[in-house]
Amino acid sequence: CVSAHEVIRGDLGSAQAHMSGEDGPLSFLDRLLEEERHSNLHLGDVRFWKHLEHMDSSHVYRTKSLEYKTMKLMFCEGVFFALFLFVLTTYLISEKAGDLYSSRRQQLDYWGGCTMQATTQHCKVNDVKDIPSLLSWLENDFVPLAFTDRTQYPSVVMSTSVYRLQDGTMHWTPRYVGDTQTSVLLGTIRMRQIRVQYSQACSIIDDLQGIVSDCFADFSEPVQSRLSWAPAGTGEHLKDHYAWKSANITEQRPIVGRYATYPGDGFVLDLALNLTGAQTRLRELQYWKWLDDRTRAFMVELNTINPNVNSFVHSRILFEFPAAGGVLIRQEAFPFRAVQLSLALMAADDFGGSFVYLVLTCGFSLLFAIYNAWLIYKNGLRFFTYFWSNVDLLSLVVCAWMLLLKIQIFQVADTLPNLTPEAISDPEMFYPVGFLVPNMELVMGLQALLGLITWLRVMKYLTLSRTFLPFVRVFERCFIALIKYSALLSVSLFGFA
């Protein structure tokens, strides 16, 4: 019969095994010799974690027993994890400060011309319905936003010197944008359009042959137009806008729209350094049909920096003109801290914050990887039969991936000549920060995933508590069952698709 002592002690598994006359999952301990029990032969065996409720607690009080050493190892691992959890959480919080979200919201509202009307928000960018209204919005609403405190900014090439204490030195004239003068426009604002060819990948029905001579398809790579189409009589100062530029010249990356993914090449217009000149250029291009029926996408890209919090915001606005008519507008802004571009800058400007916690996170991850390698050596393939062992390995993979991407960001940012300190203040240069944004977005996603997995791993160490042990076991079984069901459902859906 089952003794009351076994039930009170919580060894329900041992009690059930005793009732059925079968060996428990830790019965291999009973077959060990005394020397083996006092050795480290089975120290680190994942079966102790997997079947902790079956451990005979009477052996734990013997300091030379395997059970005592195992519980001591579990306790040390739990303390190590608690320290790692604190370091990682602090690092993730320091990476995504609250001012980044405020900067992003401010840039979206500012360039979109958004204002609150009663309880609803109205954005002038949403008033764009076609190409004429787009050009009107650019000239009357968007361009003035780039000239908040001045109508003209000096060019670096017009200055006789860029050094201090010399005649003709260029004065410090940051391009503040916004009423509060907290954000500074970096470099030029680059506009670009994507066009399609005449009567490619489309056809005109016979009844309309005499009415319509050309058709224009939705955008795709085969129908993209790369030819100059400057009308006769176009001024020489305008012809450069009608010449196709490759992506390595535009220094822009592809953008995903509703109807297509638009490449980084196209026909480019950089905003002038004076308000009158910028508006005049737009009126001239409107007169010479720079945007017409063959335009399928129009992009605006710019970068700003907030010196108060040392954060950048990379902004893009996409206008899609599908073949069916109308316009779709997509506005995006990606904020990031300046220290995310350089490890040396992080060590100099935020040594006690992001830099220290990044180094500690790398150190803890390396030690945890060594510990897991030792566990794999001790257990072999049995290591992968424990649910939380696979979760630990997944967290290590995510952490390694994140660190490799950060190293790649540091390397790419260091090789971009436009991001050097001596060039970043030139108002006529375009800063290709967009090349770094995909990796930084992926790093953000991996950081969120790593934080989720790490906090989920807290449940592993809750098995050391008799109160939470049953709930953890239920969670393990339910999660594994959900994974199996998801895999079966995916195979069924894709198999009959």
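This is a short talk on the strands, overall shape and one surface patch of a single protein chain.

Before anything else, please keep in mind that this is a predicted model.

I will start with the whole chain. The protein has 497 residues, and 46% of them count as buried. Its secondary structure consists of 15 helices and eleven strands. For the overall shape, take the radius of gyration: the protein has 32 Å, while a compact globule of 497 residues would have one near 23 Å. The C-alpha trace spans about 100 × 75 × 45 Å along its principal axes. The accessible surface is about 26,300 Å², and carbon and sulfur atoms account for 62% of that. One more value concerns contacts. If you take contacts between residues at least 6 apart in sequence, 67% of them join residues at least 24 apart.

Now the strands, in chain order. β1 covers residues 114-117 and β2 covers residues 120-123, and the two pair in the antiparallel sense over four bridges. Within this pair, T115 has H122 as its bridge partner. The two strands form a hairpin with two residues between them, and A118 has a positive phi near 60° there.

Next come β3 and β4. β3 is residues 176-177, and its antiparallel pairing with β4 has two bridges. V177 has S183 of β4 as its bridge partner. This is a hairpin as well, with five residues between the strands, and G178 in the turn has a positive phi of about 105°.

Which strands does β4 pair with further along the chain? One is β9, residues 295-306, again antiparallel, over nine bridges. There, R195 is opposite T295. Another is β8, residues 266-270, also antiparallel, over four bridges. In that pairing R192 is opposite V268.

Is β4 enclosed or open? Of its 13 residues, 13 are buried, so the strand is largely enclosed by the rest of the structure.

From β9 we can continue to β10. These two strands are antiparallel, with ten bridges, and L302 is opposite S315 of β10. They form a hairpin with four residues between the strands, where N310 takes a positive phi near 55°.

β10 itself runs from residue 311 to 320, and ten of its ten residues are buried, so this strand too is largely enclosed by the rest of the structure. Look at which way its side chains point. S311, V313, S315, I317 and F319 point one way, while F312, H314, R316, L318 and E320 point the other way, and all are buried. β10 also pairs with β11, residues 328-337, in the antiparallel sense over ten bridges. S311 is opposite R337 in that pairing.

So far that has been mostly buried strands. Let me end on the surface. Which residues make the nonpolar patch? I205, L208, I211 and V212 do, and the patch is about 360 Å². One of them, I211, lies in the loop between β4, residues 183-195, and β5, residues 244-245. I211 is exposed because its relative accessible area is 68%, and the cut-off for exposed is over 50%.

To recap, β4 pairs with β3, with β9 and with β8, and β10 pairs with β9 and with β11. In the loop after β4, I211 is part of the nonpolar patch.

Conventions:
Residues numbered from 1 in each chain as written. Predicted model: local features only at pLDDT ≥ 70, side-chain atom pairs only at ≥ 80, totals over all residues. Heavy atoms only, no water. Patch = residues over 30% accessible without salt bridge, like charges linked within 9 Å, V, L, I, M, F, W, Y side chains within 5 Å. Areas by Shrake-Rupley, 256 points an atom, 1.4 Å probe, with all protein chains shown as cover. Salt bridge = Lys/Arg side-chain N within 4 Å of Asp/Glu carboxyl O. Buried < 20%, exposed > 50% of the residue type's maximum accessible area, 1.4 Å probe, protein only. Pairing = 2+ DSSP bridges. Rg over C-alpha atoms; globule rule 2.2 N^0.38 Å. Contact = heavy atoms within 4.5 Å.
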